[in-house]
Structure formats: structure tokens, C-alpha cells
Amino acid sequence: MELRYLRYFVAVAEARNFTRAAHELGISQPPLSQQIQRLEREIGTPLLRRLTRGVELTEAGESFYVDACQILALSDAALEKTKGIARGMNGSLGAGDHQFSCFSFADFSLLYQFQQRYPAVALRQVEGNMATLMHALGEAELDIAFVRLPCESSKAFNLRIIAEEPMVIALHRSHPLSGESALSLAQLSDAVPVIFPPEVAPGLYEQVYDGCRRAGVDMSRARQSSQISSLLAWWTRASALRWCLSR
């Protein structure tokens, strides 16, 4: 049974007249009558009583009208939903965030703007290290991922820079040099580094590690953790230095 048969029948049932229904549908009256007759033959029972000045629904027609309206409503809703997904108006978005995203507001700002613009899209956020995010992106488990550059594996994807943040060193307030406005890494050679492990952001870790090593910082004493709470705990309990990205 074709959906157009249902639309024709509903139009006639609501107009109670073939001529008016044909006008609303934008077709001529004879083909409309033929389509309704074909529908009745397919169902095996009359749906309309033909009167002198119009039509009325039979008992079977009353029941069929209710079901036909529901079917057409579901069909229209499914069509609009599918079109919305194709336009990015519906569906879902899987977004991956690096483990230290709490220090960056650019990605959260973009996601907030996206949700305001597309409220019908279900947002699913996943947190992980760079390797995890890149793997999930490659396996189509995520649609987008916010990462820190440099990232070798990101070269396989379309990249867009959304923010540039300077690298800074955070010193505990008890450190003798904490009041200085500018420092060189060489001045911090006696401090205990607190840093994320290489799997969190391999390219960035390598840059930080090599820069400190060349400046004489003993990286063998570095405290590492992939959990921001652990890093902060080390940092607040010792005269340590910590690398972070300023806002």
C-alpha cells in the first residue's frame, strides 16, 4: 500500500467531498476517485459511503482514518528527522576531550555554542589521553576530538586550530623564586618537576622533557600522573614546578 493512497483517503475523509479534496491535493477529481476505489479493493471493504452531496465514512472507514493519520504522522516525522540528521540538526555528536581540558575553555565554549544552536543533537563527551582519542576518532567512535599539538597521529585527520595558549611554569608559593616575573629553566634545575606522562600528549611531553633536560633540570626526579588531582597534590605538597597552559 502506497502512502499516497493514505493521503488521498485522509483528504477525502476530512473534506467529506471528492471535489474539495481533489482541489486541496492539487489533482483532478476523477483520478482521486479511482485511487480511493483501488484502495477499497485492496483493503476488501468500502471505506466511504457515496452520497448525493458528498461522502461519509463507513465504520471501517472511521477506524482506517485514525490509523492512516497516525501512519502519515509517523512517516512525516521520520522524514523530517532524517533530513535533520543530514543537515546536522538532529542525531548525536561524540566529542573527545583530553584529560587536562579543565584548564582550557575554548573547547567547552565551542560545544556550548553548538548545543545552543542545535539543541536536538545529543552530545556525548568522552575524556581520554591523546592515543585513546586518536584511536577512537580513527574507529569512528568519535566525531571530533580536542587535542594538544604537536600530535603526529592527528595528521591523518582534518585539523583546525581553535586556540593558541602560551606554555607557562607554575611554582608553589613557598618556592624562593615564586615571586619572580620571569625565569629561565636553568634557574629551576633544583626543583622537582611535576608533569603529565608521555601517553597523555606525546608530542608536547617530548618538547617539555627535552627543553628541561637541556636546561639542566633533572627529569629523573619528575613526578608523573595522568590524573590532574594527583599532579595538584604533588605540586601543593612540595617546592615543585609544574607545566601548564595559561588561559
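**Contacts and exposure in a predicted model**

The structure, a predicted model, holds 0 disulfides.

Colleague: What would a pair of cysteine sulfur atoms need in order to be called a disulfide?

Modeller: The two sulfur atoms would have to lie within 2.5 Å. The count of disulfides in this structure is 0.

Colleague: Why is C212 called buried?

Modeller: C212 has a relative accessibility of 1%. Buried means under 20%, so C212 counts as buried.

Colleague: What makes C69 partly exposed?

Modeller: The relative accessible area of C69 is 26%. Partly exposed covers the range between under 20% and over 50%; therefore C69 is called partly exposed.

Colleague: How many salt bridges does a search of the whole structure find?

Modeller: The search finds 6 salt bridges. One of them joins the side chains of R7 and D76.

Colleague: Why is the contact of R7 and D76 called a salt bridge?

Modeller: The N to O distance between the two side chains is 2.8 Å. The cut-off is within 4 Å, so the pair qualifies.

Colleague: What does the pair of R7 and D76 tie together?

Modeller: R7 belongs to helix α1 (residues 3-15) and D76 to helix α4 (residues 59-86), so the pair ties together parts that are 69 residues apart in sequence. R7, at 33% relative accessibility, is partly exposed, and D76, at 35%, is partly exposed as well.

Colleague: How do you know that R50 and E40 form a salt bridge?

Modeller: Their closest N and O atoms are 3.0 Å apart. Because the limit is within 4 Å, the contact counts as a salt bridge. R50 lies in strand β1 (residues 48-51) and E40 in helix α3 (residues 29-43), so this pair ties together parts that are 10 residues apart in sequence.

Colleague: Are R50 and E40 buried or partly exposed, and what makes them so?

Modeller: E40 has a relative accessible area of 10%, which is under 20%, so E40 is buried. R50, at 40% relative accessibility, counts as partly exposed, because that value is neither under 20% nor over 50%.

Colleague: What makes R213 and D210 a salt bridge?

Modeller: Their side chains meet at 3.5 Å, N to O. That distance is within 4 Å, so the name applies. Both residues lie in helix α7 (residues 202-214), 3 residues apart, about one turn of the helix.

Colleague: Why are R213 and D210 called partly exposed?

Modeller: R213 has a relative accessible area of 48%, and D210 has one of 22%. Neither value is under 20% or over 50%, so each residue is partly exposed.

Conventions. Residues numbered from 1 in each chain as written. Predicted model: local features only at pLDDT ≥ 70, side-chain atom pairs only at ≥ 80, totals over all residues. Heavy atoms only, no water. Buried < 20%, exposed > 50% of the residue type's maximum accessible area, 1.4 Å probe, protein only. Helix = DSSP H or I, 4+ residues; strand = E, 2+ residues; numbered from the N terminus.
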